[in-house]
Amino acid sequence: MLYTPKLLLKLPENHEHVLVEDFNENFTKIDTEIAKIIDEETGAEAKFKQHADNKDNPHGVTKDQIGLGDVQNFGVATQGEAEAGISTSKYMTPERTKQAIDKILTPEERSKWNAAEQIVTQNKESWSWNGNKVLDTRTHKATVSYYRSLSLSTRTHYEFKSYSDVEIPASYVKNNVGYVVVETFVPWSDYSGGGITQIAQLSSGLTIKRISINPNGTEIWGNWFPTIYAQERVTNLNFNDYVAPGVYQVGGTPINGPTNTSGDWGVLIVEVSGDVIIQTSKGLSNNIWTRYKTNAGNWSPWEQILTTSHYNQLFQSVSNGKAAIANAITQKGIWTAANAEFATMANNISVISTGKKFASGITNLSVDKTTFNYNNGSVGGSHFYVNVSGLNFRPSLILFNYTYSSKHVAVYNNTTGEESVFLSLQTSSYNGNATNFHLHGNSGFAYVNATSFRLPVVIGQNLGTTSNGGPVTWTAFE
């Protein structure tokens, strides 16, 4: 006989007979064990139901454990408590909130708010709010802290009688008319979400904007600046009259404008920062000029701003000039590239062989004669002479030519180191005569040096006591 491991049920083998009492005994054991299981399940179900029905927090769970640490254990306000608005220990349902608003608002106020809400809804994508405007004269509305105290994404719309209430500079105002409409947009509860934006529409038609900044941990307003410039088309305007920010289309012949802008249509841009005014003139001919002043000061001179095209023209002009210089140097025997540096060109010029210097010109013959001496001190006679100055070398050979009735030629020669003057080689239909004498340094009235010379050129007796002071052509060689 075999038995099961758990309940020890009898398992007859093949050679054994199956007895009825063994069969019944097996089923009795099975029935007993099943009954035990059913009893245990019934008891567990009863215990679970008992635990589920227990509303006394059997596990001791706290509100902090389920994220409700900041929630007060308040009840819901009654209608009377909601309308009174006094209790601080009750919660408001939507119904109680409506009942409280109905109690506070008058029918006129309700109608006003409903109309404004409808207009704002229709224009929610626009900065322009055409609803009922709130006339505001309290200057605290200009502070950043006031707008930060409003709910998120709030847009307010106020009118101010004076531009100074919202710190708008007087330079933005024309004719001292200071009425201004200001819209304010609060994007976030603090500066981490960005600055507060204010847009002001001035009675002059100018739209300006400012944004709050947070430089040192305290949020303050930044400067006002134009967003949409005032447009005005003016001809022959006086630039000195335009100190309000704007863009003005100009033409003709402006007064006090930049030079060389007559007839050049363009725009005048006026920018203002504090008491500094900056004007920028831009013409269709690609000329840009700028100047500045303070409110109490005078205008600075106009200065031209070079553009890319100006720099390109300058670069091309320099490039062409370098190529021309390089070619001239190359023609003198020193090859120089067209794009060589200026230092290279200067060095190449310095090594060019220039040869001996020479100079020529025309000067007048002296009217009177003077005495010239030979190098031995003896008197060489009275002769007419010439004075020449402004040379940059000392001549070693000078040729003179003078015509009076006939041609007269004189030669100064120092090529051999001994100065000689051959006077009045007269040419005519008859034989001429000549006088030769030697000079040594400054011999008497004659001299030759590194910058000038004075020499006799015509024998006196050939002309008489005076000459006609006519022109003498001379050529001097180093």
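**Strand pairing, a helix contact and two unusual loop residues**

In this predicted model, I199 stands opposite K209 in β9. That pairing belongs to a set of five bridges that join β8 to strand β9 (residues 207-213), with the two strands running antiparallel. On the other side of the register sits β7: six bridges link strand β7 (residues 180-186) to β8, and this pair runs antiparallel too. Here V180 is the residue found opposite L202 in β8. Strand β8 itself, covering residues 197-202, is mostly covered, as five of its six residues are buried.

A little further along the chain comes I220, which is part of strand β10 (residues 220-221). Leaving aside residues up to four places away in sequence, I220 touches V144, S212, I213 and P215. The chain also brings I220 together with T143: these two are 77 residues apart in sequence, yet their C-alpha atoms are separated by 7.8 Å. Is I220 buried or exposed? Neither, quite: its relative accessible area is 39%, so I220 counts as partly exposed, the class that lies between the 20% and 50% cut-offs.

Turning to the helices, α6 (residues 308-331) and α7 (residues 342-350) have axes that come within 10 Å and cross at roughly 25°. Because angles under 35 degrees count as roughly parallel, α6 is roughly parallel to α7. The crossing in which α6 passes α7 is left-handed. On the α6 side, the contact is made by V318, K322, I325, A326 and I329, while α7 supplies F342, M345, N348 and I349. What kinds of residue make up the contact of α6 with α7? Seven are nonpolar, one is polar and one is charged.

Two loop residues deserve a mention for their backbone angles. Most residues other than glycine have a negative phi. L8, though not a glycine, has a positive phi of about 55°. L8 lies in the loop between β1 (2-3) and β2 (10-11), and with a relative accessible area of 48% it is partly exposed. N256 is not a glycine either, and its phi is positive as well, at about 60°. The loop that holds N256 runs between β13 (246-251) and β14 (266-273). As for its surroundings, N256 has 36% relative accessibility and so counts as partly exposed.

Definitions and conventions: Residues are numbered from 1 along each chain as its sequence is written. This is a predicted model: local features need pLDDT of at least 70, side-chain atom pairs count only at pLDDT 80 or more; totals for chains, interfaces and linings use all residues. Side-chain values use heavy atoms; hydrogens and water are left out. Axes are lines fitted to C-alpha atoms, for helices over the stretch in contact, and angles run from 0 to 180 degrees between N-to-C directions. Helices (H or I, at least four residues) and strands (E, at least two) are DSSP runs, numbered from the N terminus. Angles under 35 degrees count as roughly parallel, over 145 as roughly antiparallel, 65 to 115 as roughly perpendicular and the rest as oblique. A crossing is left-handed if the near helix is turned anticlockwise from the far one by less than a right angle, and right-handed if clockwise. Contact means heavy atoms within 4.5 Å. Ala, Val, Leu, Ile, Met, Phe, Trp, Tyr, Cys and Pro count as nonpolar, Asp, Glu, Lys and Arg as charged, and the others, Gly among them, as polar. Buried means under 20% relative accessible area, exposed over 50%, partly exposed in between (1.4 Å probe, protein chains only). Two strands pair if DSSP finds at least two bridges between them.
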